[in-house]
Amino acid sequence: MLEAELTRKGEVSMKRQHPVKILMLMPKNFWLLAIPLARGLLTLRIDFVTLTDWVHGVWLDILVVLFIILAAYFKWFFTTFSFSKDGITCDSGIFVRVHNAIPMNKICAVTGEKKFWLRPFRAVNIYFDNETGIPKKTAVSLTVRYSDYREMFDILAEKKDGGIKASYRTKKTHLIFFSILFSSTLSGMIFLSTFFIQS
C-alpha cells in the first residue's frame, strides 16, 4: 500500500535502502542495553531470591532489545530514495518527514564504498555531496543494493557535461599491508630466518 503511494508521487518510483541497513542502524541505540546490564549487575549475587527476581524481570531485557530492533526497522522502512537523470531525492522521518533533493547539476561528488562485510549482502554505501561547501558534511548517504548502485553510476556516466570521472581509492593500511606482503624484503627475511633456524 505504501509502495503504491510512493510510486504515485512521480514517474520515478521511490525505493528503500538495502535491508542490511537495519543492522547498521541498531548500534545507534545500543546505549539502551545499559538498562539490562545495570539490572544484571544488581543481581550479581546469585541466590534463589535474586534468581527468581531476575527471571521475573527478563521482560524488561526483551523489551529493550525489541525496541532497538523496531527503532532500526522503522527508520529503515520510512527512509525512501529515488535517483534519475534529474538528481537524487531522499525522504526520511517517521513523524516529521524530511525531504532532501539534490538536482543533477548540483551534485559535485559521489562516493561508492564497498566495505568487505557488505559484499556478501551485495550492498554498497553511497554518499552524495553537493556544492554547499560545508566540510565533512554529506548531503545524502544511503546503503543500497548493488543493482541500484550500478544503475546510479550508469546514469551519472551519461551526465550532459561529459559524464563523471571515476577514481578508485584504497585505505593506506591496505596499501602498506599489500606492499609488505608482496615485497622482496619480506621474502628475503623469511628465507634468511629459515636458513638460520635450519642452521
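Biologist: In what order do the four strands of the open sheet stand?
Modeller: This is a predicted model. Four strands form the open sheet, and their pairing is antiparallel. The order is β1-β2-β3-β4.

Biologist: Which strands stand at the edges of that sheet, and why is one side of each left without a neighbour?
Modeller: Each edge strand has a single partner strand, so one of its sides has no neighbour in the sheet. The strands at the edges are β1 (15–16) and β4 (98–103).

Biologist: Which residue of β2 is the bridge partner of lysine 15?
Modeller: β1 and β2 pair in the antiparallel sense, over two bridges. For lysine 15, the bridge partner in β2 is phenylalanine 81.

Biologist: At about what angle to β2 does α6 run?
Modeller: The helix α6 lies across β1 and β2. Relative to β2, α6 runs at about 35 degrees.

Biologist: Which element supplies the largest share of the largest nonpolar core?
Modeller: That core has 18 residues, and Phe83, Ile88, Ile126, Phe128 and Leu142 have the most contacts inside it. At least two residues each come from β2 (80–84), β3 (87–92), β6 (123–130), β7 (140–145) and α6 (146–157). The largest share, five residues, comes from α6.

Biologist: How many residues does the other core have?
Modeller: This other core lies apart from the largest one, and Met26, Leu32, Ile68 and Trp76 are among its members. Its residues number eight.

Biologist: Which residues does isoleucine 126 touch, not counting those up to four places away in sequence?
Modeller: Isoleucine 126 is one of the residues with the most contacts inside the largest core. Beyond those sequence neighbours, isoleucine 126 touches Val110, Thr111, Val140, Ser141, Leu142, Val144, Tyr149, Met152 and Phe153.

Notes: Residues numbered from 1 in each chain as written. Predicted model: local features only at pLDDT ≥ 70, side-chain atom pairs only at ≥ 80, totals over all residues. Heavy atoms only, no water. Core = buried A, V, L, I, M, F, W, Y, C linked by side-chain atoms within 4.5 Å. Buried < 20%, exposed > 50% of the residue type's maximum accessible area, 1.4 Å probe, protein only. Contact = heavy atoms within 4.5 Å. Pairing = 2+ DSSP bridges. Axes fitted to C-alpha atoms, helices over the stretch in contact; angles between N-to-C directions.
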